[in-house]
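Good morning, colleagues. I should like to take you through one model today, moving from helix packing to the core and then to a few individual residues.

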Amino acid sequence: MQGVLTGFAVIAVVIAVGYAIGRRGYLGDQGREVLTKLAFHVASPALLFTTLAQTDLSVIFSSRLLVTALSTAAAAGVFVAVGVVRHWGVGRTTIGALCSSYVNSGNLGIPIAVYVLGDASLVAPVLLFQLVGVTPVALTILDLSGKGEKGPLWRRLLTPLRNPIAVGSLAGVAVSATGLRIPAPVLDPLTLIGGMSVPAVLLAFGISLCGSTMPGRGPDRHPVLLSVALKSVGQPAAAWALAAGVFGLRGAPLLDVVVTSALPAAQNLYTYASSYRVAERLARDSILLSTVISVPVLVLVAALLG
């Protein structure tokens with residue numbers, strides 16, 4: 001269980017530092033917004049590009065990835081269905097669907113893959129699927145649902161190409177697919193800039209907790225509770241049912257897909273919500289609660305299937 005505890009300890013410490021920064025006001029009133037914009041427009045695209053440009057894309061063709069994709073679609077689909085019935089709106093429903101199904105495969109998934117599953121590459125398919133498949137689609141929906149969105153259809157269809165997160169991801173995939181080798185003078189600065197992404201996201205998240213009410217309350221109470229239930233219980237349960245019942249996975253492969261599906265909602269979802277100024281509290285509360293609940297869930301999954 002060292003990997004689970006280590007991963008969560010790292011995240012908790014950085015978020016706590018962000019909270020302390022917010023309480024002390026070291027970055028001023030605009031500190032959170034600056035960190036969010038830095039992560040969304042600069043650091044995250046650089047991180048995604050350098051990560052995907054050096055990844056073997058053959059890892060995406062596996063039954064494990066198919067299980068991940070189907071369980072992701074199931075959890076997100078349930079939230080979307082409820083959101084449509086309850087009239088939660090496109091932006092709110094999109095963020096809630098992401099919080100219900102988009103796992104923290106980076107800063108938490110990697111240490112858990114190393115210490116619990118024994119292979120860091122096991123999170124690569126999930127990372128690729130989310131970056132190349134889920135993220136561009138979700139951000140395009142958020143772009144197209146914006147109140148100020150105007151212009152001809154062809155321009156709206158090219159929305160992903162104007163989004164820094166999507167551009168960084170797709171550019172990285174293109175480099176990996178073509179086998180190009182990026183010169184060190186070009187790659188090293190991008191890697192250095194990309195290294196700011198996760199700390200900036202976590203620090204901004206910690207600052208956002210200053211003065212906030214208890215999670216799971218207020219007008220977003222029902223969307224938050226639904227997204228947390230789907231992320232913490234629904235998605236790993238769906239992954240287990242699909243992996244064991246449909247694809248016949250047993251042993252280590254079964255443990256791999258269930259553990260990755262049980263990871264909490266990713267911190268960068270708060271960056272997306274903050275950047276688009278939609279459902280920020282929903283994202284913040286869902287991430288916080290799913291992160292706390294995922295600790296006993298991951299321990300239980302590892303004990304039962306390990």
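Let me begin with a term: a crossing of two helices is called left-handed if the near helix is turned anticlockwise from the far one by less than a right angle, and right-handed if it is turned clockwise. In the model before you, which is a predicted one, the crossing of H2 and H9 is left-handed. Helix H2 covers residues 31–53 and helix H9 residues 184–194, and the two pack at an angle of about 125 degrees with their axes 7 Å apart. Angles that are neither under 35 degrees, nor over 145, nor from 65 to 115 count as oblique, and H2 is therefore oblique to H9. On the H2 side, the contact is made by Val 42, Ala 43, Ala 46, Leu 47, Phe 49 and Thr 50. H9 contributes Leu 187, Leu 190, Thr 191, Ile 193 and Gly 194.

One further residue of H2 deserves a word, namely Ser 44. Is Ser 44 buried or exposed? Its relative accessibility is 9%, so Ser 44 counts as buried. Setting aside neighbours within four places in sequence, Ser 44 is in contact with Ala 39, Ile 165 and Ser 197.

Let me now step back to the overall fold. The protein chain has 14 helices and zero strands. Of its 306 residues, 49% count as buried. Among contacts with a separation of 6 or more, 83% are between residues 24 or more positions apart.

I turn next to the interior. The largest nonpolar core holds 57 residues, and those touching the most other members are Ile 95, Tyr 102, Val 259, Leu 269, Tyr 272 and Leu 298. Which helix gives the most to this core? Helix H6, residues 124–144, does so, with seven residues. Tyr 272 itself touches Phe 40, Tyr 102, Thr 135, Leu 139 and Ile 165, residues up to four places away in sequence not being counted. There is also a second, separate core of eight residues, whose members include Ile 21, Ala 200, Val 201 and Leu 203.

Ala 200, Val 201 and Leu 203 are among the buried residues of H10. This helix spans residues 197–208, and its first and last C-alpha atoms lie 17 Å apart, close to the 16 Å expected at 1.5 Å a residue. H10 is mostly covered, with ten of its twelve residues buried.

Helix H3, residues 63–86, offers another check on geometry. Its 24 residues should span 34 Å at 1.5 Å a residue, and the end C-alpha atoms are 35 Å apart, which agrees. Its buried residues are Leu 65, Val 67, Thr 68, Ala 69, Ser 71, Thr 72, Ala 75, Ala 76, Phe 79 and Gly 83. Against what do they pack? Their partners are helix H4 (90–101), H6, helix H11 (221–246) and helix H12 (251–261). After H3 comes His 87, whose phi is positive, near 60 degrees.

H12 also packs against H14, at an angle of about 170 degrees and with the axes 10 Å apart. Since angles over 145 degrees count as roughly antiparallel, H12 and H14 are roughly antiparallel to each other. Here Leu 254, Leu 255, Val 258 and Val 259 in H12 meet Leu 298, Val 301, Ala 302 and Leu 305 in H14. Val 258 is buried, with a relative accessible area of 4%. Apart from residues up to four places away in sequence, Val 258 touches Pro 236, Trp 240, Val 301 and Leu 305. Val 258 and Ala 241 are 17 residues apart in sequence, and their C-alpha atoms are 9.5 Å apart in space.

Finally, I draw your attention to the loop between helix H13 (268–276) and helix H14 (280–305), where Arg 277 lies. Phi of Arg 277 is near 55 degrees, a positive value in a residue other than glycine. Ala 279 is found in the loop between H13 and H14, and its phi is positive too, near 50 degrees. Which of these residues is buried, and which is exposed? Arg 277 is exposed, with a relative accessible area of 59%, whereas Ala 279 is buried, at 17%.

Thank you for your attention.

Methods:
Residues numbered from 1 in each chain as written. Predicted model: local features only at pLDDT ≥ 70, side-chain atom pairs only at ≥ 80, totals over all residues. Heavy atoms only, no water. Core = buried A, V, L, I, M, F, W, Y, C linked by side-chain atoms within 4.5 Å. Buried < 20%, exposed > 50% of the residue type's maximum accessible area, 1.4 Å probe, protein only. Helix = DSSP H or I, 4+ residues; strand = E, 2+ residues; numbered from the N terminus. Contact = heavy atoms within 4.5 Å. Expected span 1.5 Å × (residues − 1). Axes fitted to C-alpha atoms, helices over the stretch in contact; angles between N-to-C directions.
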